[in-house]
Amino acid sequence: MKSLTLKLIIITTIIALVSVALMAGLANYTIKNQFDQYLREGSESSLLRPNLHMQLLQHMMGPSEERFLALVNRSMWIAAVIVIVVAGLASLVFADRITSPIKQLTKASRKIAAGEFHYRIPVSTHDEIGELAETFNTMAETLERNEQLNQQLYAGIAHELKTPLTIIQGNLEAVLDGVSEATPEKIAAIHTETLLLNRLINDLRDLTLAEAGQLKLQKKDVRINSVVKKVVELIQPMLSEKGITMNIDIPSGLPQVQADPDRLTQILYNLIGNALRHTSEKGKITLLAEPPVGDNKEIKVSVTDTGEGIPEEDLPYIFNHFYRVDQARTRAKGGSGVGLAIVRYLVEAHGGRVWAESEPGKGSIFSFTLPLS
Ligand code: ADP
């Protein structure tokens with residue numbers, strides 16, 4: 001028998017034993033006292049002479065009265081033994097009820113430690129033990145989901161690295177084998193793939209840091225228009241190249257926000273970059289910042305484009321890493337596949353929310369909030 005079960009049985013039996021002994025002792029003492037008093041009271045109120053009364057008393061406390069008291073005593077000790085036996089049996093059941101969920105929990109913990117994240121404990125009660133089992137199951141669920149996400153992430157990374165590397169390898173081998181010449185176009189194509197690899201690796205580094213909660217934010221009071229200006233400067237050559245107009249609508253009295261300027265630049269760069277990639281020539285991108293509404297202590301920023309839009313069924317997944325609406329097309333446009341996942345982590349790390357709305361064929365709106373200073 002395991003020690004906790006044994007301890008519980010011993011403790012319950014000792015408690016029952018002590019209670020019964022106390023009760024029996026007390027009852028014995030009280031009965032004796034009460035009986036004596038009854039006889040004495042009888043003697044005081046008696047009309048008989050004291051001598052005669054004492055004789056009568058002696059007669060009353062004869063063998064039959066003593067037998068009566070002994071019988072009462074004996075039945076009390078029999079009752080005590082019965083109570084102790086019942087308490088012992090009850091403690092067995094009680095100990096089993098307490099320890100069996102703990103045994104289940106130990107078994108489940110061993111399974112989880114061995115990597116069997118699908119293992120769950122049956123929840124049969126709604127008390128503290130049931131609550132513990134539910135919490136354990138939630139933990140196992142989170143571990144299972146994280147494990148799946150990790151596997152997807154590794155598979156995604158391998159897939160994303162494979163495509164540019166295959167292109168680079170194929171082109172270089174063709175040149176080495178003398179099948180094709182190292183023309184400037186060929187070298188430019190290889191260069192584009194190395195740029196893509198570089199971006200992917202940088203994005204993955206940020207993503208893993210963010211997922212591990214190690215992305216340190218250097219928060220300070222920031223004016224959103226200064227960050228937007230910097231991003232538009234960075235992106236201007238690409239806007240001009242595609243003939244896309246960019247409208248910026250930031251109210252002059254917009255309050256400052258608490259943010260890391262570099263990370264805020266990254267959020268806006270990813271969102272505007274996506275809008276640029278998915279909007280055809282002569283399209284329009286609008287950046288709108290809105291002041292807090294009512295008691296809301298946050299501002300809302302949205303990036304709207306007149307691009308291809310996103311189908312409704314894809315919208316819930318676009319913030320997951322490596323989720324692409326159109327695998328081949330978006331890759332060809334130079335996306336790393338983790339841009340929006342990084343945006344979501346960064347916005348949430350700032351205490352904000354991010355979401356997307358879209359109408360296929362008309363365009364998309366990506367909005368996020370940031371807490372005020
Ligand atoms: P990528 O680097 O491939 O663009 P993201 O995580 O930034 O990856 O975006 C995920 C997917 O969401 C993209 O592959 C694309 O299909 C879709 N998407 C993102 N932004 C837009 C947009 N503005 N318009 C249309 N589709 C978009």
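Reader: Is Glu-116 buried, partly exposed or exposed, and what relative accessibility does it have?

Author: The model is a predicted one, and burial is read here from computed relative accessibility, with partly exposed covering the range between 20% and 50%. Glu-116 has a relative accessibility of 31%, and therefore it counts as partly exposed.

Reader: Which residue forms a salt bridge with Glu-116, and how far apart are the closest N and O atoms?

Author: A salt bridge is read from the distance between a side-chain nitrogen of Lys or Arg and a carboxyl oxygen of Asp or Glu, with 4 Å as the limit. The partner of Glu-116 is Lys-111, and the closest N and O atoms of this pair are 3.9 Å apart, so the pair falls within that limit. Lys-111 is partly exposed as well, its relative accessible area being 26%.

Reader: How many salt bridges does this rule count?

Author: The count comes to 10 salt bridges. One of them joins the side chains of Glu-144 and Arg-120, with an N to O distance of 2.7 Å. This pair links distant parts of the chain, since Glu-144 belongs to helix H4 (residues 128-176), whereas Arg-120 sits in the loop between helix H3 (63-113) and H4, the two being 24 residues apart. Glu-144 is partly exposed at 23% relative accessibility, and Arg-120 is partly exposed at 25%.

Reader: Which strands hold Lys-300 and Glu-290?

Author: The salt bridge between Lys-300 and Glu-290 has its closest N and O atoms 3.8 Å apart. Lys-300 lies in strand S5 (residues 298-305) and Glu-290 in strand S4 (residues 284-290), so that the pair, 10 residues apart, again links distant parts of the chain. With relative accessibility of 29%, Lys-300 is partly exposed, and Glu-290 is partly exposed at 27%.

Reader: Which residues are linked in a network of salt bridges?

Author: Such a network is made up of Arg-205, Asp-206 and Arg-263.

Reader: Turning to the ligand, how many residues surround it, and which are the closest?

Author: The shell around a ligand is read from heavy-atom distances, with a limit of 4 Å. Here 20 residues surround the ligand, and the closest are Asn-274, Asp-305, Ser-336, Gly-337 and Leu-340. By class, this shell has eight nonpolar, nine polar and three charged residues.

Reader: Which atoms of Arg-324, Val-325 and Leu-340 lie at short range from the ligand's oxygen atoms?

Author: For Arg-324 it is an N or O atom of the side chain, 3.2 Å from an oxygen atom of the ligand. For Val-325 it is a polar backbone atom, 3.1 Å from a ligand oxygen, and for Leu-340 it is a backbone N or O atom, at 2.9 Å from an oxygen atom of the ligand. Of the 540 Å² of accessible area that the ligand has on its own, the protein covers 99%. Helix H7 (261-277), helix H9 (339-349) and strand S7 (363-371) are the elements that give two or more residues to the shell, and H7 gives the most, with three residues.

Reader: Which residues form a nonpolar patch on the surface?

Author: The patch is formed by Leu-6, Ile-10, Ile-14, Leu-17, Val-18 and Leu-22, which together have about 550 Å² of accessible area. Among them, Ile-14 lies in helix H1 (residues 3-44). A residue of such a patch needs over 30% relative accessible area, and Ile-14, which is partly exposed, has 47%.

Note on methods: Residues are numbered from 1 along each chain as its sequence is written. This is a predicted model: local features need pLDDT of at least 70, side-chain atom pairs count only at pLDDT 80 or more; totals for chains, interfaces and linings use all residues. Side-chain values use heavy atoms; hydrogens and water are left out. A polar contact is a pair of N or O atoms within 3.5 Å; within protein, one must be able to donate a hydrogen and the other to accept it, and residues adjacent in sequence count only if both atoms are side-chain atoms. Accessible areas come from the Shrake-Rupley method with a 1.4 Å probe; for residues, only the protein chains shown count as cover. Helices (H or I, at least four residues) and strands (E, at least two) are DSSP runs, numbered from the N terminus. Ala, Val, Leu, Ile, Met, Phe, Trp, Tyr, Cys and Pro count as nonpolar, Asp, Glu, Lys and Arg as charged, and the others, Gly among them, as polar. Patches are made of residues with over 30% relative accessible area and no salt bridge: like charges are joined within 9 Å, nonpolar side chains (Val, Leu, Ile, Met, Phe, Trp, Tyr) within 5 Å. Buried means under 20% relative accessible area, exposed over 50%, partly exposed in between (1.4 Å probe, protein chains only).
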